[in-house]
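Let's take a walk through a protein model, one piece at a time. Have a look at the picture first, then read on.

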Amino acid sequence: MKEDLNACQCSEIHEDVVNEVKGVMPEDEMLYDLAELFKVFGDTTRVKILYALFANEMCVCDIASLLQMTHSAISHQLRVLKQARLVKFRKEGKVVYYSLDDTHISQIFDCGLNHIQETYKR
């Protein structure tokens, strides 16, 4: 039988390590919210919309044209992004312009993209 090299072969608990990590772990509610945030990034259309909004604020019509999708589909995804506080909007007459909510979004996105680009270089 082959031994699993990734499995720990001991049963000793390193209490000092466990206690140190317990001291820095965020509360469960915060970790739940973090998991929900990352779920939002789990949709290619939403990622494309965010990527587009890095370059410029855009209205639904512009995004729909860029991604070759219906206004309804884009509006639905923007609603999800808005609820996750990843995008914000402003009205100018009858036009609603969307943009990134703050700089943290581009930092999260850039970090993930850099990670993916690194894996392609291996």
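What follows is a tour of charged pairs and one helix in this model, which is predicted.

Let's start with charge. Side chains of opposite charge can pair when their charged atoms come close. Searching the whole structure turns up three salt bridges.

Find helix α2, which covers residues 28-40. Inside it, E36 and K39 make a salt bridge, and their closest N and O atoms sit 2.9 Å apart. These two residues are three apart, or about one turn of the helix. Here's the handy rule behind that spacing: an α-helix has 3.6 residues a turn, so residues three or four places apart point the same way. How open are the two partners? E36 counts as partly exposed because its relative accessibility is 27%, while K39, at 53%, counts as exposed.

Now for a pair that reaches across the chain. E57 forms a salt bridge with R90, with 2.4 Å between the closest N and O atoms. This pair links distant parts of the chain, 33 residues apart: E57 is in the loop between α3 (44-55) and β1 (58-59), and R90 is in strand β2 (residues 87-92). E57 has a relative accessibility of 28%, so it counts as partly exposed. R90 is partly exposed too, with a relative accessible area of 33%.

R90 has another partner. Its side chain also meets that of E92 in a salt bridge, at 2.8 Å from N to O. E92 is at 46% relative accessibility, so it counts as partly exposed. Which residues end up in one network? Because these salt bridges share partners, E57, R90 and E92 are joined together.

Next, hop over to helix α3. With 12 residues at 1.5 Å a residue, α3 should span 16 Å, and its end C-alpha atoms are 17 Å apart, which agrees.

Which residues of α3 are buried? They are T45, R46, I49, L50, A52 and L53. These buried residues cover an arc of only 160 degrees around the axis, so they sit on the same side of α3. Over on the other side of α3, T44 and A55 are exposed.

One last stop is the N-terminal end of α3, which is capped by D43. Look for a side-chain oxygen of D43 that lies 3.0 Å from the backbone nitrogen of T45. You've already met T45, since it is one of the buried residues of α3.

How values were computed. Residues are numbered from 1 along each chain as its sequence is written. This is a predicted model: local features need pLDDT of at least 70, side-chain atom pairs count only at pLDDT 80 or more; totals for chains, interfaces and linings use all residues. Side-chain values use heavy atoms; hydrogens and water are left out. A salt bridge is a side-chain nitrogen of Lys or Arg within 4 Å of a carboxyl oxygen of Asp or Glu. Helices (H or I, at least four residues) and strands (E, at least two) are DSSP runs, numbered from the N terminus. Buried means under 20% relative accessible area, exposed over 50%, partly exposed in between (1.4 Å probe, protein chains only). The expected span of a helix is 1.5 Å times one less than its number of residues. The arc is that of the directions from the helix axis to the C-beta atoms. A polar contact is a pair of N or O atoms within 3.5 Å; within protein, one must be able to donate a hydrogen and the other to accept it, and residues adjacent in sequence count only if both atoms are side-chain atoms.
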